[in-house]
Amino acid sequence: PTNYISTVTIPVNQQVKAMEFLTVSEIRSRVTGMKVGEMQFVYSDGTIQTHPLVAGINVDGVYMHFASETQAVLTFGDVVYEKDAVLGVKTVSAGREHFDLWAVESNPRTVLKQITISINVADVKFCLLGLNAIKSSLD
């Protein structure tokens, strides 16, 4: 129960290899490790892939980067990189305001119709700032 929008659906209508998300979030420390929401990738063939949003995995606090599957993009632009399996790089930073950049693989063989993002924990604030479709090379 909150005054904020808790679910949003974004049309994609493309074949993509992955989707990159630029987000900012704020959570209470007590929800660390909890599933706080989910993303559903809905494909034109009717299949649905569900990706959990978990505090400490792909959701964290704006002042402390601890989401293990995201790259922190510091709001002042200084970035320190290391290797990451999905994005190719990962930023290590703590104690500074940041946005989170992360990617979710898609099925490149079918059209991704839409993405639905839902937050189901009231004291989690999650904002999608940007979305980028990484096109498939199977065309």
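In which loop is Asp123 found? Asp123 is found in the loop between β9 and β10, and this account returns to that residue after describing the strands around it.

The model is a predicted one, in which local features need pLDDT of at least 70 and side-chain atom pairs count only at pLDDT 80 or more, whereas totals for chains, interfaces and linings use all residues. Residues are numbered from 1 along each chain as its sequence is written, and side-chain values rest on heavy atoms, with hydrogens and water left out.

Strands are named here by their DSSP runs, numbered from the N terminus (E, at least two residues; helices are H or I, at least four). Two strands are said to pair if DSSP finds at least two bridges between them.

One open sheet is built from four strands in the order β1-β9-β3-β4, with antiparallel pairing. The edges of this sheet are β1 (7–14) and β4 (48–54); each has a single partner strand, so one side of each is left without a neighbour in the sheet. From one strand to the next, the twist averages 15 degrees; the axes behind such angles are lines fitted to C-alpha atoms, for helices over the stretch in contact, and the angles run from 0 to 180 degrees between N-to-C directions.

Within this sheet, β9 (residues 112–119) pairs with β3 (residues 35–43) in the antiparallel sense over seven bridges. Along that pairing, Val42 stands opposite Gln114 in β9, and Met39 stands opposite Ile117 in β9. Strand β9 also pairs with β1, again in the antiparallel sense, over six bridges. There, Pro11 stands opposite Gln114. Six of the eight residues of β9 are buried (under 20% relative accessible area; exposed is over 50%, and partly exposed lies in between, with a 1.4 Å probe and protein chains only), so β9 is largely enclosed by the rest of the structure.

A further open sheet of four strands has the order β5-β8-β2-β10, also with antiparallel pairing. Its edges are β5 and β10, each with a single partner strand, so one side of each is left without a neighbour in the sheet. The twist in this sheet averages 25 degrees from one strand to the next. Strands β2 and β8 pair in the antiparallel sense over six bridges, and Ala18 stands opposite Glu105 in β8.

At the edge strand β5 (residues 71–74) one finds Gln71. Gln71 counts as buried, at 5% relative accessibility. Gln71 and Phe99 are 28 residues apart in sequence, and their C-alpha atoms are 8.3 Å apart in space.

The nonpolar interior comes next. A nonpolar core is a set of buried Ala, Val, Leu, Ile, Met, Phe, Trp, Tyr and Cys residues joined through side-chain atoms within 4.5 Å. The largest such core has 23 residues, and those with the most contacts inside it are Phe21, Phe41 and Leu53. Strands β1, β2, β3, β8 (98–105) and β9 are the elements that give two or more residues to this core. Leaving aside neighbours within four places in sequence, Phe21 is in contact (heavy atoms within 4.5 Å) with residues including Met39, Phe41, Leu101, Trp102, Ile115, Ile117 and Leu128.

The charged pairs complete the picture. The structure holds two salt bridges, each defined as a side-chain nitrogen of Lys or Arg within 4 Å of a carboxyl oxygen of Asp or Glu. In one of them, Asp123 is joined to Arg30, and the closest N and O atoms are 2.5 Å apart. Why does this pair tie together parts that are 93 residues apart in sequence? Asp123 lies in the loop between β9 and β10 (125–135), while Arg30 lies in the loop between β2 (16–26) and β3, so the pair ties those parts together.

The two partners differ in exposure: Asp123 is buried, with a relative accessible area of 18%, whereas Arg30 is exposed at 58%. Leaving aside its neighbours within four places in sequence, Asp123 is in contact with Glu26, Ile27, Arg28, Arg30 and Val31.

Glu38 forms a salt bridge with Lys35, the closest N and O atoms being 3.1 Å apart. Lys35 is partly exposed, with a relative accessible area of 43%.
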